[in-house]
Amino acid sequence: MDVDDAVQSGQQKETTEKCGAAKGPRKSNEMRKVFIPRTRKSALKEQWMKIFTPVVEQLSLMIRYNVRQSQVEIKLTDATPDSTYLQKAADFVRAFALGFEVEDALALIRLDDLFIESFDVTDVKALKGDHLSRAIGRLAGKGGRTKFTVENTTKTRIVLQDSKIHIMGSYKYIQHAKRALSHLILGSPASKVYGNLRSVAANQNSQRM
């Protein structure tokens, strides 16, 4: 039995046992399906229990990986206390599929005011070839320093996937991060962007006081 089969059969069996899906009728046949891209399949196999456990134990949902269709399927069970948990779980798995770490994606289960916004570098400026590569490089920075600084200052998490950018955070902070990243794409020096971010952070701290 290969790893795919193990994920499908072994973990599916464990899902049924843990969430009690076999006991009594389910509230609904409603289901959410999240496609897992090829680039995230290995990570899914490695991190499956970290995904499986909160969905089943915290949200009381049923979850399985459909190998044939390359998608994670999530269902309500009779034990699910709130039907909105189904969307929370789907958002959590979708965040993982987009490239976020499981630990970061878990925040979508714990908190209600988090969102994910995605856009492309070319949405900001029409770039191709080396110009596009350099813009993507500016977003990451040397050793990932620029991305890390934007994340910490705006209280967001950012995934750079080729020319695609995914930002997770509250609506307000996503806008701050997106503005900073857009300036970098347009060619602003990282030092200037850092300065603008520090000013935004200082204004927010003064408003709280």
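1. Two strands are taken as paired if DSSP finds at least two bridges between them. On that basis, three strands of this predicted model form an open sheet in the order S4-S6-S5, with antiparallel pairing. Its edge strands are S4 (115-120) and S5 (157-161), each of which pairs on one side only. Neighbouring strands in this sheet are turned by 15 degrees against each other on average, direction ignored.

2. The chain as a whole: it has 209 residues, of which 41% are buried. Its secondary structure comes to ten helices and six strands. Of the contacts between residues at least 6 apart in sequence, 62% join residues at least 24 apart.

3. Strand S6 in detail. S4 and S6 (residues 164-169) run antiparallel and are joined by six bridges. In this pairing Asp120 stands opposite Lys164 of S6, and Phe119 stands opposite Ile165 of S6. On the other pairing, S5 and S6 are antiparallel over five bridges, and Leu160 stands opposite Ile165 in S6. Ile165 therefore has Phe119 opposite in one pairing and Leu160 opposite in the other, with S6 being largely enclosed by the rest of the structure because five of its six residues are buried.

4. The S5-S6 connection. S5 and S6 form a hairpin with two residues between them. Asp162, in the turn, has a positive phi of about 55 degrees. Anyone checking backbone torsions will find this residue listed with that sign.

5. The other sheet. A second open sheet of three strands has the order S1-S3-S2, again with antiparallel pairing. Strands S1 (31-35) and S2 (62-66) are the edges, each pairing on one side only. The twist from one strand to the next averages 20 degrees. S1 pairs with S3 (residues 71-75) in the antiparallel sense over five bridges, and Arg32 stands opposite Ile74 in S3.

6. Helices on the S1-S3-S2 sheet. Helix H3 (residues 85-98) packs on this sheet and touches S1, S2 and S3. The direction of H3 makes about 5 degrees with that of S1. Helix H2 lies across S2 and S3, and runs at about 165 degrees to S2.

7. An aromatic pair within H2. Which rings pair, and how are the planes set? Trp48 and Phe52 form a tilted pair, with 6.4 Å centre to centre and 40 degrees between the planes. The count for the model comes to one aromatic pair. Both residues lie in helix H2 (residues 41-58), four residues apart, which is about one turn of the helix. Trp48 is buried, and Phe52 is buried as well. The centre distance falls inside the limit of 6.5 Å for a pair, and the label "tilted" applies because planes under 30 degrees apart count as stacked and those over 60 as edge-to-face.

8. The H7-H8 contact. Two packed helices are described by the angle between their axes and the distance between the axes. The axes of H7 (residues 129-140) and H8 (residues 145-154) come within 4 Å and cross at roughly 55 degrees. That crossing angle makes H7 oblique to H8. Arg138, Leu139 and Ala140 in H7 meet Arg145, Thr146 and Lys147 in H8. By type, the residues of this contact divide into two nonpolar, one polar and three charged.

9. Leu108. Is this residue buried or exposed? Leu108 counts as buried because its relative accessibility is 7%, and the cut-off for buried is under 20%. Leu108 is found in helix H5 (residues 107-110). Leaving out residues up to four places away in sequence, Leu108 touches Lys88, Asp91, Phe92, Ala95, Leu114, Phe115, Ile116 and Met168. One of these residues, Ala95, is 13 residues from Leu108 in sequence and 8.5 Å away in space, C-alpha to C-alpha.

Notes
Residues are numbered from 1 along each chain as its sequence is written. This is a predicted model: local features need pLDDT of at least 70, side-chain atom pairs count only at pLDDT 80 or more; totals for chains, interfaces and linings use all residues. Side-chain values use heavy atoms; hydrogens and water are left out. Axes are lines fitted to C-alpha atoms, for helices over the stretch in contact, and angles run from 0 to 180 degrees between N-to-C directions. Angles under 35 degrees count as roughly parallel, over 145 as roughly antiparallel, 65 to 115 as roughly perpendicular and the rest as oblique. Contact means heavy atoms within 4.5 Å. Ala, Val, Leu, Ile, Met, Phe, Trp, Tyr, Cys and Pro count as nonpolar, Asp, Glu, Lys and Arg as charged, and the others, Gly among them, as polar. Rings of Phe, Tyr and Trp (its six-membered ring) pair if their centres lie within 6.5 Å; planes under 30 degrees apart count as stacked, over 60 as edge-to-face and the rest as tilted. Buried means under 20% relative accessible area, exposed over 50%, partly exposed in between (1.4 Å probe, protein chains only).
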